[in-house]
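Here is a short briefing to read with the structure open beside you. Please keep the viewer handy, and let us start with one loop residue before moving on to helices, surface and salt bridges.

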Amino acid sequence: MSVIQIIAAATPAATSPALARTAIPDVSTQIRDLSRSTVSWFQAYWLQIIIALAIAVAIVSALYALRGLGARLCRKERGRGDWRTIVGRAITKTTNYFIIMVAIRAVDGYAQTPPMLDKLVTFLFTLAAVMQGAIWAREFILGAIEHKTSAEHFKGEAIINAMGLIHLLVSVVVFAVAAVVLLDNIGVNVTGLVAGLGVGGIAIGLAAQGIFADLFAALAIIFDRPFSKGDQISFDNSSGTIEAIGLKSTRIRAYTGELRIISNKNLLDKEILNVSGRDHIRLPFTIGVAYETPPETLARIPGILTELVEAEGGKAARAGFESFGASSLDFSLLVDVPGKDWGVAHPLRDRLMVAVVQRFAQEGISIPYPTQTTFTAAPDGKLIMPYPSPTSSDDDARAL
């Protein structure tokens, strides 16, 4: 039975002012009865009470020692996201009130506590346990968030801006749940309260759905880590370097110099290419050679290209014949450059192009210009060839 139910059962219903005035002496009577029963309890069970006090002191000392152990777990050399630090920080948040109530509750039955005093101890212990549980839950949730964001290769600059709001949201939710549990334990009907909170939350969510959408998108960026500050990304027809990740928007420095600001929700709705996340850069080449090139030389070209690529420090992902072009036989060359630095890939591409031209010149392989042959006709309809015909050459020779 809760404290409110105890008082309601002991107090007669006030149906008139006269009955309301008589309720005051009843409460005073209960207080006097509690005092008398407590004195009688001390007189009858003084030895058990002394023993219980000694046990309670031992429990309190042990709990204080445990809290001191938690403080030692929070070493400076460990990060805030280390699980030992998280557990130690939660232990250090144990309140004195909870420690004392745990000790009293542990020896309450042994000391043969009077029923009214026992109910009061139960209520106070419930209050301490619910509030302490909320504090521990908040610390573990925030610790789990810090552990997640302190993972390897994660730049957690954005979490610094978001942590204050996350701390507020977690505290509000945890202590709201604790308050509902506490009210339910003392006999309050919380059904209407929970329904009201639900309706109010829906109304607030609908009114600020745009803000919450960007906020949760920011949290998704922080925890899912599609990119972080300093990464180079491409989205839609835009590309640039991430400069800042905020709770409402992300700032991207375009390669052309301007600063682009895009809301977090709109950014996550697009396909994002994280250029900084790749492990190699692929350089494509299409190289044409003349149709007059001998077949045995054509067969050696893939090997020549592979040799040139490896000599420059790249890897030939493909080197082979591609297609019959309009004025050349086209070979495809795909070169993978390890790493993600264009400062390395661009000079390699330049050196490779020069090396291909030099080697082809040594091998007698011609890289042709696009050519086109035009045929015309004389007024009599006779075709005029763009080159001397053998017949006309013989006629000219006989005429001479």
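**Briefing on the predicted model**

Asp-236 is exposed, with a relative accessible area of 56%. Please bear in mind that this is a predicted model. The protein has 400 residues, and 30% of them count as buried. Its secondary structure comprises 13 helices and ten strands.

**The loop at Asp-236**

- Asp-236 sits in the loop that links β1 (232–235) to β2 (238–245).
- The phi angle of Asp-236 is near 50 degrees, which is a positive value in a residue other than glycine.
- Asp-236 counts as exposed because its relative accessible area of 56% is over the 50% cut-off.

**Helix α5**

- Helix α5 covers residues 96–108, and its 13 residues should span 18 Å at 1.5 Å a residue.
- The end C-alpha atoms of α5 are 18 Å apart, so the expected and modelled spans agree.
- Which residues of α5 are buried? They are Phe-98, Ile-99, Met-101, Ala-103, Val-107 and Asp-108.

**A nonpolar patch on the surface**

- Trp-46, Leu-47, Ile-50, Ile-51 and Ile-55 make a nonpolar surface patch of about 470 Å².
- One of these patch residues, Leu-47, belongs to helix α3 (residues 46–73).
- Leu-47 is partly exposed, at a relative accessible area of 45%.
- For the protein as a whole, the accessible surface comes to about 24400 Å², and carbon and sulfur atoms account for 63% of that.

**Salt bridges**

- How many salt bridges does a search of the whole structure find? The search finds twelve, and three of interest follow below.
- As background, side chains of opposite charge can pair when their charged atoms come close.

*Glu-139 with Arg-89*

- Glu-139 and Arg-89 form a salt bridge in which the closest N and O atoms are 3.7 Å apart.
- Glu-139 lies in helix α6 (residues 115–149) and Arg-89 in helix α4 (residues 83–92), so this pair ties together parts that are 50 residues apart in sequence.
- Are these two partners, Glu-139 and Arg-89, buried or exposed? Both are buried.

*Glu-258 with Arg-260*

- Glu-258 and Arg-260 meet through their side chains in a salt bridge of 3.2 Å, N to O.
- Glu-258 is partly exposed, with a relative accessible area of 34%.
- Arg-260 also counts as partly exposed, at 30% relative accessibility.

*Arg-359 with Glu-363*

- The side chains of Arg-359 and Glu-363 form a salt bridge, at 3.3 Å from N to O.
- Arg-359 and Glu-363 are four residues apart in helix α12 (residues 342–363), so about one helical turn separates them.
- In general, an α-helix has 3.6 residues a turn, so residues three or four places apart point the same way.
- Arg-359 counts as buried, at 18% relative accessibility, whereas Glu-363 counts as partly exposed, at 27%.
- Arg-300, Glu-307, Arg-359 and Glu-363 are joined into one network by salt bridges that share partners.

**Contacts across the chain**

- Among the contacts in the protein with a separation of 6 or more, 62% are between residues 24 or more positions apart.
- The salt bridge between Glu-139 and Arg-89 is a handy place to look for a link between parts 50 residues apart in sequence.

Definitions and conventions: Residues numbered from 1 in each chain as written. Predicted model: local features only at pLDDT ≥ 70, side-chain atom pairs only at ≥ 80, totals over all residues. Heavy atoms only, no water. Helix = DSSP H or I, 4+ residues; strand = E, 2+ residues; numbered from the N terminus. Buried < 20%, exposed > 50% of the residue type's maximum accessible area, 1.4 Å probe, protein only. Expected span 1.5 Å × (residues − 1). Patch = residues over 30% accessible without salt bridge, like charges linked within 9 Å, V, L, I, M, F, W, Y side chains within 5 Å. Areas by Shrake-Rupley, 256 points an atom, 1.4 Å probe, with all protein chains shown as cover. Salt bridge = Lys/Arg side-chain N within 4 Å of Asp/Glu carboxyl O. Contact = heavy atoms within 4.5 Å.
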